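Here's a quick briefing to read alongside the structure. Have the chain open and follow along, topic by topic.

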Amino acid sequence: MKFIVPVILGFAPAHFIEKYGWHGPIEQQYLYLALLGDILQLAGMSLLFVGFIRKYVKNKYGILAIGLLVALVSREVSGIHINFPVVNYILDLLFNNDFPAYVYFPVFPWMSFIIIGMFFGKWFQELNYNGPQLFKNMLCVGLIFIALGAPLVFMYGNYHYNGFYHMGPGGVIYFAGWTLIFLWAIFRLTSKAKENTWMKVLKYCSKNLTSMYMIQWILISWGKGIFGYRQHGIAFVSILILFYILLTFLVQNTLDIVRKKEPLIVFRRISVDETVLK
């Protein structure tokens, strides 16, 4: 949907081809585009591991230990390959270290964040779904993670960070810490907020996070052939950002109406009598 459909319909941008250093028409890259490892492949492969963890690991600290272990070994297993194409593709999804050649989000280390989320989900259950206490715990753990991860990232960055897509253990702990603090801050800002339009939009986005993510990236990818690819300044791009946000909401809202889910905006027919100005 992101790449092959625009190619088939004839509006894939030439600059996109140049970025990857391809020679010849983009149609020759169908297989590459179909197998490109993005965040949804990470989610799918991680769910296979998560299923085993949920079934066999009942202690929350055991879950946390597995998440940290994935981060700890990620740099050591990075780049594992054997001379067999199909198996190599699976190994790339798990351990790739050659961004942007094939895989943006390898399972190692990115699954660590998912498993750390499982740890807090288990903790949430044990707290009898006490939200305020859970987010206090997130703040404490987040501060500890930053205190541990920051020295590793800033003093030994080649091993512990080495770029956003292929972080080592220090990078995972550091970014997980900031994520936990960010979640605590969101909770603090929204827990006592009145039920207004802004809160309604936030809750709508939260409920439809995955579908809106997919919709937005499809629209962005299709738009590259219309508006260009890395050809405009910050002012034009800022306008496009607002345009894509609005367009994403419109598509999601329309899908909700078709599927008879709760839309953000309700469209209905009105009679002449209902239009009387007061």
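A disulfide here is a pair of cysteine sulfur atoms within 2.5 Å. Searching the whole structure with that cut-off turns up zero disulfides. One thing to keep in mind throughout: this is a predicted model.

**Overall make-up**
- The protein has 13 helices and zero strands, so if you read the elements from the N terminus on, you get α-α-α-α-α-α-α-α-α-α-α-α-α.
- Of the 278 residues in the protein, 36% are buried.
- Take the contacts between residues at least 6 apart in sequence: 65% of them join residues at least 24 apart.

**Two cysteines**
- C140 is partly exposed, at a relative accessible area of 48%.
- C205 also falls in the partly exposed class, with a relative accessible area of 22%.

**Helix α4**
- Helix α4 covers residues 39–56, and at 1.5 Å a residue its 18 residues should span 26 Å. The end C-alpha atoms are indeed 26 Å apart, which agrees.
- There's still a kink in α4, of about 25 degrees, and it is centred on L47.
- L47 itself is exposed, with a relative accessible area of 57%.
- The C-alpha atom of L47 is 9.2 Å from that of M111, although the two residues are 64 apart along the chain.
- Which residues of α4 are buried? They are L42, M45, S46, V50 and I53.
- The cover over those buried residues includes α5 (60–77), α6 (85–95) and α7.

**Aromatic pairs**
- Counting ring pairs with centres within 6.5 Å, you arrive at 23 aromatic pairs.
- Why does the pair F120 and W123 count as stacked? The ring centres of F120 and W123 are 5.9 Å apart and the planes meet at 25 degrees, so the pair is stacked, given that stacked means planes under 30 degrees apart.
- Both F120 and W123 belong to helix α7 (residues 107–126), where they sit three residues apart, about one turn of the helix.
- Both rings belong to buried residues: F120 has a relative accessible area of 4%, and W123 has 17%.
- F227 and F243 pair up edge-to-face, with 5.9 Å centre to centre and 70 degrees between the planes.
- F227 comes from helix α12 (residues 209–227) and F243 from helix α13 (residues 234–258), so this pair ties together parts that are 16 residues apart in sequence.
- Buried or partly exposed, for these two? F227 is partly exposed at 27% relative accessible area, and F243 is partly exposed at 39%.
- Ring pairs also build a cluster, made up of Y104, F105, W110, F113, F154, Y161, F164, Y165, Y174, F175 and W178.

**Charges over rings**
- K55 has its charged end over the ring of Y56, 5.8 Å from the ring centre.
- R75 sits over the face of Y159, and there the distance to the ring centre is 5.9 Å.

Technical notes. Residues are numbered from 1 along each chain as its sequence is written. This is a predicted model: local features need pLDDT of at least 70, side-chain atom pairs count only at pLDDT 80 or more; totals for chains, interfaces and linings use all residues. Side-chain values use heavy atoms; hydrogens and water are left out. Rings of Phe, Tyr and Trp (its six-membered ring) pair if their centres lie within 6.5 Å; planes under 30 degrees apart count as stacked, over 60 as edge-to-face and the rest as tilted. Helices (H or I, at least four residues) and strands (E, at least two) are DSSP runs, numbered from the N terminus. Buried means under 20% relative accessible area, exposed over 50%, partly exposed in between (1.4 Å probe, protein chains only). A charge sits over a ring if NZ of Lys or CZ of Arg is within 6 Å of the ring centre and within 35 degrees of the ring normal. The expected span of a helix is 1.5 Å times one less than its number of residues. The bend at a residue is the angle between axes fitted to the seven residues ending there and the seven starting there. Contact means heavy atoms within 4.5 Å.
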